[in-house]
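User: I would like to learn how to read the features of a protein model, one at a time. Could you give me the general idea first, and then the case at hand?

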Amino acid sequence: MTTLLINIKELIQVRNSDVKKVSGSEMKTLPTIKNAYLLIENDIITDFGSMENVPQSADKKIDCSGKMILPTWCDSHTHIVYAGNREQEFVDRINGLTYEEIANNGGGILNSAKKLQSTSEEDLYKQSAKRLEEVIALGTGAVEIKSGYGLTVDAEIKMLRVIKKLKENYNLPIKATFLGAHAFPSEFKNNKEGYINLIINEMLPKVAEENLAEFVDAFCETGYFSVDDTDRILSAAQSYGLIPKVHVNQFTTIGGVQVSVKHNALSVDHLEIMNTEDINALKGSETMPVALPSCSYFLSIPYTPARDIIEAGLPLALATDFNPGSTPSGNMNFVVATACIKMKMTPEEAINAATINGAYAMNLSDEVGSITKGKKANFIITKEIPSYGFIPYSFGSNLIDDVYLNGKKI
Ligand code: NIG
Ligand code: FE
């Protein structure tokens, strides 16, 4: 079955298959073809080019006059699997409490863990599937999902099984990350060593045995997991073949970037607080820095210094961080707009960061993230828009007409 999309006003992010990520000044360039066609065969992109060379035959033709096509967003950092919500903490913050104070009073991650532990796997699946469907409709075509709201052996496994079931039932690449090291449960408040041992000796072997995760994460932060804790957990996880993607530098800079680079992390995420040493540590590494601007927006914390990172010649990816506490939103369109508005990224940089670099941050550069022959036919058809810069410019508007996953309209 071949489908030919014709008269595309602009086909965005066309790349050769050898481009796995874009860094530094390369991020300013977003390759496009104006007045283009796109040919797909079943679930794969097989050809594209200028309308002057459009092929004549196809099983189905779709006219895209006035509309643009871009690859679906690649959201490389989410916590979509969670139980219930935390809107009371949102109100508490409006009334003056800080995120840290709420966490110290037993709220925050521990509040979500309590809810998740008493939620059945079926109910957790239903709640999570609903969120996944919402983000797909918003143009996300590949997503990473973390555990980390279980914090017991059983509840962490429950979360990861829900992610596995989402993978089986939804038609997009989903990558699972084990984040047992998200917070210390209250019963381990005075026995941190005990919880780290539980992660290393009980959780990790089970995760590996059931093959439930590809990546490992830790919240490396003052008051959470120290650099030394993170070092030990990443080492143990790597002995099971798990690749690190690490929460670092959200509130303080304590060496999280350096320890992640030492372990060849695929990505370091958050990076709201960065000093020169942190940026230098990333130079020459294969680790993708990932910014989460919706989290900065929601918590009113600093934005990741995108300009400093890009001007140092580094790549940068953008993701949502969709979770019940710091970012109850999985909208990548908002992320792209906020990156332009608040982080001074150009539309070209932001779209590169949310597509090809996001794909890299999930080890999916060979499958998604660009309009490339042989990649999955996962793409967004926009409404009629004057330019692609209009996407971040009209923040908050829904400019998506259709989302295609594996060549099929959602
Ligand atoms: O990435 N920073 C750590 N974890 C999540 C938020 C956790 C929560 O508040 O539930 C994040 O922002
Ligand atoms: Fe996160």
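Analyst: Let us begin with a term that we shall need for the pockets: helices, of at least four residues, and strands, of at least two, are DSSP runs that are numbered from the N terminus. Please also keep in mind throughout that this is a predicted model.

User: Which helix gives the most to the lining of the largest pocket?

Analyst: Helix H2 does, with 4 residues, and both H2 (99–104) and helix H3 (109–117) supply at least two residues each to that lining. The largest pocket has a volume of about 660 Å³, and among the 25 residues that line it, Glu100, Ala103, Asn104, Gly223 and Tyr224 are the closest to its centre. By character, the lining of this pocket divides into 12 nonpolar, 8 polar and 5 charged residues.

User: How do the residues lining the second largest pocket divide into nonpolar, polar and charged?

Analyst: The lining of the second largest pocket holds 9 nonpolar and 7 polar residues, with no charged ones. The volume of this pocket is about 160 Å³, and of its 16 lining residues those closest to the centre are Asn333, Ile391, Ser397, Asn398 and Leu399. Helix H12 and strand E14 (379–384) each supply at least two residues of the lining.

User: What does one look for at the ends and along the length of a helix such as H12?

Analyst: Along a helix, one can ask how many residues are buried, where buried means under 20% relative accessible area. H12 is mostly covered, since 10 of its 12 residues are buried, including Met332, Phe334, Ala337 and Met343. At the N-terminal end, Asn331 acts as a cap, with a side-chain oxygen 2.9 Å from the backbone nitrogen of Asn333, and after the helix comes Lys344, whose phi is positive, near 60°.

User: Where is Ile391 placed, and is Ile391 buried or exposed?

Analyst: Ile391 belongs to helix H15, which spans residues 390–393, and Ile391 is buried because its relative accessible area is 8%. The chain also brings Ile391 and Ala337 to a C-alpha separation of 7.2 Å, although the two are 54 residues apart along the chain.

User: How should I read a metal site, and which residues are the protein donors of the iron ion?

Analyst: One begins by listing the protein atoms that serve as donors to the metal, and then looks at where they come from in the chain. Here the iron ion (ligand 2) has His77, His79 and His247, each through NE2, and Asp321, through OD, as its protein donors, at 2.1 to 2.2 Å. Along the chain these donors follow the spacing H-x1-H-x167-H-x73-D. His77 sits in the loop between strand E6 (73–75) and helix H1 (87–94), while Asp321 sits in the loop between strand E13 (317–318) and helix H12 (332–343), so this pair ties together parts that are 244 residues apart in sequence. His77 counts as buried because its relative accessibility is 0%, and Asp321 also counts as buried, at 1%.

User: The other ligand interests me too, so which residues are the closest to ligand 1?

Analyst: To read a ligand site, one can list the surrounding residues and then look for pairs of polar atoms. Ligand 1 is surrounded by 15 residues, of which Tyr99, Tyr149, His182, Gln250 and Ser326 are the closest. An N or O atom in the side chain of Tyr99 lies 2.3 Å from an oxygen atom of ligand 1, and a polar side-chain atom of Ser326 is 2.6 Å from an oxygen atom of the ligand. For Gln250, an N or O atom of the side chain is 2.6 Å from a nitrogen atom of ligand 1.

User: What, then, is the volume of the largest cavity, and how many residues line it?

Analyst: A cavity differs from a pocket in that a 1.4 Å probe fits inside but cannot get out. The count comes to 1 cavity of 30 Å³ or more, and the largest cavity holds about 90 Å³ of space. It is lined by 13 residues, with His79, Tyr99, His182, Asn323 and Ser326 nearest its centre, and the lining comprises 4 nonpolar, 7 polar and 2 charged residues.

User: Which contacts does the side chain of Asn249 make?

Analyst: The side chain of Asn249 reaches the backbone oxygen of Ile273 at 2.9 Å, and a polar contact of 3.1 Å joins it to the side chain of Asp278. Asn249 lies in the loop between strand E10 (243–248) and helix H8 (256–262), and Asn249 counts as buried because its relative accessibility is 1%.

How values were computed
Residues are numbered from 1 along each chain as its sequence is written. Chains are lettered from A and ligands numbered from 1 in the order in which they are written. This is a predicted model: local features need pLDDT of at least 70, side-chain atom pairs count only at pLDDT 80 or more; totals for chains, interfaces and linings use all residues. Side-chain values use heavy atoms; hydrogens and water are left out. On a 1 Å grid over the protein atoms alone, a cavity is a set of points where a 1.4 Å probe fits but cannot get out, and a pocket is an open set with protein on both sides within 12 Å along at least five of seven lines; lining residues have an atom within 4 Å of a point. Grid points are joined across faces, edges and corners, and a volume is the space filled by probe spheres set on the points. Ala, Val, Leu, Ile, Met, Phe, Trp, Tyr, Cys and Pro count as nonpolar, Asp, Glu, Lys and Arg as charged, and the others, Gly among them, as polar. Donors are N, O and S atoms within 2.8 Å of the metal (3.2 Å for Na, K and Ca); water is not among the atoms, so sites may look incomplete. Buried means under 20% relative accessible area, exposed over 50%, partly exposed in between (1.4 Å probe, protein chains only). A residue is near a molecule or strand if one of its heavy atoms lies within 4 Å of it. A polar contact is a pair of N or O atoms within 3.5 Å; within protein, one must be able to donate a hydrogen and the other to accept it, and residues adjacent in sequence count only if both atoms are side-chain atoms.
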